[in-house]
Each structure stands twice: as structure tokens, then as C-alpha cells.
Amino acid sequence: MDDEPRSLKAIFAEAESKRLALETTPFPPNSSEYADTVASAVKLYQDCLNFIDALSIFSPNESLEDLSTTDLPLLLTNYHLAELAQKLPSSSPQDRKRLLADARGAYQRYLHLLDTYDILLPQYKKLLEQYTDAPTTFSTISVSDPSARRDAKINNFKAEKNLKTKLEFLRHRPQYGTEDDASGGTAGGGDEEAVREVHLAHLQYSTHMAFQALDGLNREAEILALAPPPQPSRGPDPREEEDMRRQQRPLGGLGDNYSDRLDQPLRRGAAGGPILSAQGKPLQPFTLLNNRQELAKGVFRPGHSLPTMTIDEYLDEEWKRGGIIEGGGEASWHRPEPDEDDIEKADAETLKARAWDEFVEANPKGSGNTLNRG
């Protein structure tokens, strides 16, 4: 039974089931289950495209009225394939660029197919012309003014919301019937006109989202263009590098015993024994003293000369040399009380005071100033 060929309707229904499972099931984005489900859905949609081409379901000589209601969901095959291509995991910027190119091609085939059947609304036909003229620089918001760009984004969001609301409303009408598959492609017992109207509304909603996705692809492509070029993953063999360096080494240099390989770890805790080998390699840890320690201490010292003694030591040294004059200031006002019993000292003080009085009388104030006299 498994070897029997399946119909296009069965393959498309299974592909839609896989796609909706990605939207409803909380797969971790980096899990293998998520990647397998995406890859499986992509493979099923590609099989659908092969069936469609083989059966020639769509023809440029037909119009929308010539398409049956059951064939309308097949118009979304390239659109769903482009959506899933963007969800495939990539390991490098180059792989991501390839996935974006595949998604861009699928979106283009979807839009041109709708244009062939004259399904695009006038505003979307205008956007398709703009995209055809400049695919890599296309943007749904062509203005540069910040306020105008904000208004354009709000209008795009409102249009998306209105189309989605209309689609949900049409699907929940009694005339549409009960969906008998995950895609909503057919409805059991529903009115054919109501089902056809739902499919056309779904196409308009998907068209709006396709142009938004093309805008996003161009923005992402600009970011990927700034990525650095890939680096070679495999380097040269270390042994080959060592042989090349040994061949390029001048004679009489380091000798044949030279090697770029790291030395073995030094032994620790060994008592005694030589520090260096005959070839000059250290055999055990050792510490350089004296000059090296002094140099290490002077690494972080300031560039100017530092003081060699404290302030108290300096004052003591100056006092010993006699460079400090004592007295004066408040100490000069504190005179010792005279000793009344010391008659000789009292007579000396009296004679000193008399001599000072006689000097003042003999030399009046200003008598030595001869420059200002007339």
C-alpha cells in the first residue's frame, strides 16, 4: 500500500498538515525535530509543484473563471514554499544567502502566477511593477521622511489586520461548511461560492504578506552583505610547518636540536639536582634575586625623586645644626617673674633700662633721617 503513488490532493494535504504543525506546535527553533519538520514540508511542497507541472493544472491561456474551486489552494504552493525556505536552519551567512535566494524565487513565481490569472488588486499590481524594476532595492515604504514612514507602516499593519479579519469571518460563516482537512482547501457540505470566496480572500492576504516578506528579504540581505568573508576551515599540518621552518632556518643558527614544540612540565619539589641541563634548558623552577627584584620594585614608582626622611626627622636635624631660632611669637610675652632676693640681677636690669632711656633721649625719633631735610 505504501508503494502506491499518491494523488496531488493527498500530498498537498500532508504538506499543509506539516506546515500548520510548525505554527501550532511549540517546537524549539534549534531542535532537530523542528528542522526535520521544516525539511519534510519543503519536500512535500516541491513534490506538489512537480505534480502541478506534470498535470499542467495552470495555463497562461486560462482565466480565473476557468479554475475550479478545488484548484485555487494550489496557487499558494510557491508562497508556502517561500515561507518554509526562510525557516530552514543555516550554518553560515553564505548558506543563509542561498536560502533567501530560494525564497525570493518562490515569491516571484507566486506573484507572477496570480498576475497571469488577473487576481492581483490594482495596488498589488503597482507593487509588482516596482519590484520587477528593482528587485534588490524594493521596499513597500518608499518615502524617507520618518513621520511618513511611520504612517506607511501603520497602514500596512491595518491592511494586514483587515485582510486577516475578513478571511477569518468568511471561514466561520455557515455557508462555508466544516473544514475536512488542515489546509481549509475544501469544506464538507459548504456552498461552493462561499468556499471560493474564502480561497480568493486567502490569496489576497497571502499576496499582501508576500510583498512584506520581499521587503524583509532585502533588509536582511543588506545585513548579510556586511558579514566578513568565510575563513578557511582547515589549516596546514603542524609537522609540515615545523619542517618548513627548519628548512628556512640559516645554518649555524639554532642548530638541529631546535624544535617549536613546548617543553615538558618542570618537576616540582625535587631536592637538589642541577637547575639547567647541558643544552641550557631549565630542569626545575628557580627564582632570580637581587637586581631583578630591585628592578621589579621600581617599575611602578613615580618619575620624580621621593623624600628620604620625614618632616620631624628634618626638623631634628636642623635643630642640631642650629638652623632653628627659638623664641618670638607668643613665647616672647611670657616673661619669668623677677626674683626679689637676687639683688645683682635686679641691679643689672635697672642699669639696662637706664641705658636705654639715655639712648632714646640722645637719639630722638627721626634724627637719623637726613634725606628729607630741606
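This report covers the nonpolar core, a surface patch and the salt bridges of a predicted model.

## Basis

Residues are numbered from 1 along each chain as its sequence is written, and side-chain values use heavy atoms, with hydrogens and water left out. In this predicted model, local features need pLDDT of at least 70 and side-chain atom pairs count only at pLDDT 80 or more, whereas totals for chains, interfaces and linings use all residues.

## Nonpolar core

The largest nonpolar core (buried Ala, Val, Leu, Ile, Met, Phe, Trp, Tyr and Cys residues joined through side-chain atoms within 4.5 Å) holds 54 residues, of which F58, L75, Y107, Y110, F211 and L214 touch the most other members. Among the elements that give two or more residues to this core are helix 4 (93–116) and helix 7 (192–225), helices being DSSP runs of H or I with at least four residues, numbered from the N terminus.

Leaving aside residues up to four places away in sequence, Y107 touches Y79, A82, E83, Q86, A210, A213, L214 and L217, where contact means heavy atoms within 4.5 Å.

## Salt bridges

The model has 10 salt bridges, each defined as a side-chain nitrogen of Lys or Arg within 4 Å of a carboxyl oxygen of Asp or Glu. One of them joins E318 and R321 at 2.7 Å, N to O, and both residues lie in helix 10, 3 residues apart, about one turn of the helix. E318 is buried because its relative accessible area is 14%, while R321, at 61%, is exposed; the cut-offs are under 20% for buried and over 50% for exposed, with partly exposed in between (1.4 Å probe, protein chains only).

E16, R19 and E23 are linked in a network of salt bridges.
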